Amino acid sequence: MKRIKLGILQTNHDKSVEVGDAFPDDAHRFRDLFDQQDDRFHYRVYMTIGGEVPQDLDEQDAYMITGSPLSVLDQHVFTDALMDFIRRCDAAKKPLMGACFGHQAIALALGGKVARAAEGYNVGIEDTEFHSRRDWMSPEHDRLPMYVFHEDQVTELPAGCDLLGSSDKCPIASFAKGDHIFTTQAHPEFSHDFMACVLGFTESKMPVEAAQAAWASMARDQYGPVFGTWTTNFFNKGLRND
């Protein structure tokens with residue numbers, strides 16, 4: 001089987017000793033997630049954090065945008081180029097998945113709204129409950145517990161997008177547009193060890209109650225790999241429709 005050429009737009013480059021030097025970066029975490037599957041990819045990482053985005057959409061078969069501790073509400077060196085890239089993908093119906101920051105960036109680029117969550121930090125393992133389905137969401141699950149770590153969230157969907165999933169603290173936790181855009185506010189690529197490291201590094205900046213709830217949730221099983229399978233199915237579906 002021909003391998004899909006997947007472009008990963010990395011919007012984070014953690015340089016901290018505590019986290020960045022202790023774990024692989026975001027692109028490698030997604031590669032590890034996808035490499036658990038039978039379908040394999042040819043990867044190309046774009047260091048979007050430094051301003052790099054694909055100039056020609058046909059450089060790759062499909063794309064994804066990673067998470068980031070940066071706020072999508074702020075102006076970054078790569079913001080304009082990333083927004084333009086997302087709109088080009090939408091216009092060309094190029095398969096595009098976004099996680100966390102990527103989920104929010106796609107919403108914002110296409111005319112949706114993002115805001116700081118009134119409840120503040122949402123951290124730990126949280127269920128995304130899926131109200132609507134696409135045929136790429138197989139194996140079937142009504143809800144997926146996945147790692148989350150965010151303050152901002154999508155508050156209004158762009159025109160033409162459909163709500164797929166919500167969580168207790170994030171009403172718009174997953175959405176789709178046609179067969180070419182698929183998103184999640186969660187981090188399906190996180191591992192327990194990485195999440196524990198990030199939480200330990202940042203909990204001093206969080207309300208005590210939020211940190212305690214996050215640690216308590218970590219005892220649960222998480223289903224990030226299922227979302228990884230859904231994403232591969234999504235890429236395959238989008239490319240069949242191309």
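Author: Let's start with a term: a polar contact is a pair of N or O atoms within 3.5 Å; within protein, one must be able to donate a hydrogen and the other to accept it, and residues adjacent in sequence count only if both are side-chain atoms. This is a predicted model, where local features need pLDDT of at least 70 and side-chain atom pairs pLDDT 80 or more, while totals for chains, interfaces and linings use all residues. Residues are numbered from 1 along each chain as its sequence is written, and side-chain values use heavy atoms, with hydrogens and water left out.

Reader: OK, which side chain does the side chain of Asn122 make a polar contact with?
Author: Asn122 lies in strand E6 (helices, H or I, of at least four residues and strands, E, of at least two are DSSP runs numbered from the N terminus). The polar contact spans 2.9 Å, and the partner is the side chain of Glu126.

Reader: And is Asn122 buried or exposed?
Author: Away from its sequence neighbours up to four places off, Asn122 touches Val148, Phe149, His150 and Lys169 (contact means heavy atoms within 4.5 Å). The relative accessibility of Asn122 is 4%, and the scale runs from buried (under 20%) through partly exposed to exposed (over 50%), with a 1.4 Å probe and protein chains only. Because of that 4%, Asn122 counts as buried.

Reader: What relative accessible area does Asp26 have?
Author: You'll find Asp26 in helix H1. Leaving out residues up to four places away in sequence, Asp26 touches Gln10, Asn12, Thr66 and Gly67. Asp26 is buried too, and its relative accessible area is 5%.

Reader: On to empty space: what volume does the largest cavity have?
Author: A grid of 1 Å over the protein atoms alone is used: a cavity is a set of points where a 1.4 Å probe fits but cannot get out, a pocket is an open set with protein on both sides within 12 Å along at least five of seven lines, and lining residues have an atom within 4 Å of a point. Points join across faces, edges and corners, and volume is the space filled by probe spheres set on them. The structure holds 1 cavity of 30 Å³ or more, with a lining that includes Glu126, Thr128, Val148 and Cys170. The space in the largest cavity is about 30 Å³.

Reader: Which element gives the largest share of the lining of the largest pocket?
Author: This pocket has a volume of about 720 Å³. Of its 34 lining residues, Ser68, Pro69, Leu70, Phe149 and Val198 lie nearest its centre. Helix H1, helix H3, strand E7 and helix H4 each supply at least two lining residues. The largest share, 4 residues, comes from H4.

Reader: How many residues does E6 give to the lining of the second largest pocket?
Author: That pocket holds about 250 Å³ of space. It has 19 lining residues, and those closest to its centre are Ile125, Glu126, Asp127, Asp168 and Lys169. Helix H5 supplies at least two of the lining residues, as does strand E6. E6 gives the most, and its count is 7.

Reader: Why is Cys161 not bonded to Cys89, and how far apart are the sulfurs?
Author: The structure holds 0 disulfides (a disulfide is a pair of cysteine sulfur atoms within 2.5 Å). Cys197 is in none, as the nearest cysteine sulfur, that of Cys100, is 17 Å away. Cys161 is buried at 10% relative accessible area. Its closest cysteine sulfur, in Cys89, is too far for a bond, so there is none: the distance is 13 Å.
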